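Work through the exercises below with the model open. Try each task before reading its solution.

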Amino acid sequence: MRYMATYDLMETMRNTNQWLGATARTLASYPGMAMLPNPAIRWWGAWGEVAERSFERMAAKPDWGIGSVTGDDGRDHLVSVDTAVSKPFGDLLHFNVVGRETQARKILLVAPMSGHYATLLRSTVKSLIVNCEVYVTDWRNARDIPVSCGKFDIEDYTLYIMDFMRHLGPETNVVAVCQPAPLVLAATAYLAELDPDAQPRTLTLIGGPIDPDATPTDVTDFGARVTMGQLEETMIQRVGFKYPGVGRMVYPGLLQLASFVSMNAERHSQAFNDQILRVARGEASDHDAHNRFYDEYLAVMDMPAEFYLSTVERIFKNGEIAKNEFVVAGHKVDIGAITRVAVKTVEGAKDDISAPGQCVAALDLCTGLPALKKASHVEPGAGHYGIFAGKSWRNNIRPLVLNFIDQNADQGADAQKAVEVA
């Protein structure tokens, strides 16, 4: 019960600010207020509208918002988001394009469990479902998972990824974005040892901390400065009585959001001041650039405490993946066991979260993989977000990733024919 009061206090503050915004917006909209020619009243109402929406979004899971897609046949097809595999801590979703032939490229997009929902990859999914069969890992908010479901740390995460790979089969092309990159690499290596026929065809790692010490950033420096005891004491709380996960130890989403905002407080403050003025002048809209960004940015989820703490300790502090010393369920995983899965790394030249050098380290760990099956790319001028969802992704990186997938699909087909002839 120790931290329930703190968790509920944060939720109370969020709820109160949402109510204050709604109250200000409602009072400013009374007809009688229109008789007072005071611009402060209009500003007051605008502040209320922006505040209500912002604090409301913090407790809501965004929708995928992908209703249809235009296929290569020039027709618009409805998109159905189906659950292919359901597990307590996350689901495997399939974006089924209705009325379209099954596409040759099957992609498993592994979303990060790092404070935001998988919908952060919405634009990535949109760009891929045009001519690919896309599956996405949809991690659950830990506050909604009963304590009876047990723990979930990075070993459990790795085993989940292995199960998803097994379900999709060996023709799968895995794309891991940011945080899951080292664990997906380990999952692939573990499959290579336990169930070689279930390995994916290709593995693309985008901006992931395979070796955090290769190029230090503020994120890695933070992990080095604080002790595990400090993290557990200051970051971990128990879910309060409002949610099904009451009593579960988590790293709260609201606390994570406070950290996100504090990193660029001045820029966020200016963005909200500008939006309030736009609303007051009648220049804002429900889906303008500000709302599209912050509806996603402000929607945060709680992480299981054991997942967060084990990530910091084992990936960043101890560098178990970078040293090829990662253990899953008592078994030491050998990344050198990957011998036939083509591996590509993608980094952004201006990535200040997972800097260039951290992700490409994966290729050196794949000691059993021929050089022809290794590839890397550093995108000039791209930051962290841009390498999987921005203009750099759409114009440069996406075509490179799809070409990499196609090249290895052809090689796989040629190899299969050779086996059949023999």
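**Exercise 1: Cys366**

Cys366 touches Leu185, Ile335, Ile338, Val343 and Lys374, leaving aside residues up to four places away in sequence; contact means heavy atoms within 4.5 Å. The model is predicted: local features need pLDDT of at least 70, side-chain atom pairs count only at pLDDT 80 or more, and totals for chains, interfaces and linings use all residues. Residues are numbered from 1 along each chain as its sequence is written, and side-chain values use heavy atoms, with hydrogens and water left out.

Task: place Cys366 in the chain, and state whether Cys366 counts as buried or exposed.

Solution.
- Step 1. Locate Cys366: the loop between helix 12 (361-365) and strand 14 (374-379). Helices (H or I, at least four residues) and strands (E, at least two) are DSSP runs, numbered from the N terminus.
- Step 2. Check the cover. Cys366 has 0% relative accessibility and counts as buried. Buried means under 20% relative accessible area, exposed over 50%, partly exposed in between (1.4 Å probe, protein chains only).
- Step 3. Look for a bonding partner. The closest cysteine sulfur, in Cys359, is 11 Å from that of Cys366, too far for a bond. A disulfide is a pair of cysteine sulfur atoms within 2.5 Å. By this rule the count is 0 disulfides.
- Step 4. Take a long distance. C-alpha to C-alpha, Cys366 and Arg238 are 40 Å apart in space and 128 residues apart in sequence.

**Exercise 2: Pro146**

Task: find where Pro146 sits and which residues Pro146 touches.

Solution.
- Step 1. Pro146 belongs to the loop between strand 5 (133-139) and helix 4 (154-168).
- Step 2. Pro146 is partly exposed, at 33% relative accessibility.
- Step 3. Skip residues up to four places away in sequence. Pro146 then touches Pro244, Gly245 and Arg248.
- Step 4. Compare with Gly336, 190 residues away along the chain: the two C-alpha atoms are separated by 38 Å.

**Exercise 3: positive phi**

Task: for Asn324 and Ala329, give phi, then the loop that holds each residue.

Solution.
- Step 1. Recall the background. Most residues other than glycine have a negative phi.
- Step 2. Asn324 is not a glycine, yet has a positive phi of about 60 degrees. Asn324 lies in the loop between helix 11 (305-317) and strand 11 (327-328). At 18% relative accessibility, Asn324 is buried.
- Step 3. Ala329 is not a glycine either, and has a positive phi of about 50 degrees. The loop between strand 11 and strand 12 (331-332) holds Ala329. With a relative accessible area of 57%, Ala329 is exposed.

**Exercise 4: helix 10**

Task: list the buried residues of helix 10 (residues 289-297) and the helices they pack against.

Solution.
- Step 1. The buried residues are His290, Asn291, Tyr294, Asp295, Glu296 and Tyr297.
- Step 2. They pack against helix 2 (39-57), helix 3 (122-128), helix 8 (253-263) and helix 9 (265-280).

**Exercise 5: the whole chain**

Task: describe the fold in totals.

Solution.
- Step 1. Count elements: 14 helices and 14 strands. The radius of gyration (over C-alpha atoms) is 23 Å. The globule rule (2.2 Å times the number of residues to the power 0.38) gives 22 Å for 422 residues, so the chain is as compact as a globular protein of that length.
- Step 2. Buried residues make up 53% of the 422.
- Step 3. Among contacts with a separation of 6 or more, 77% join residues 24 or more positions apart.
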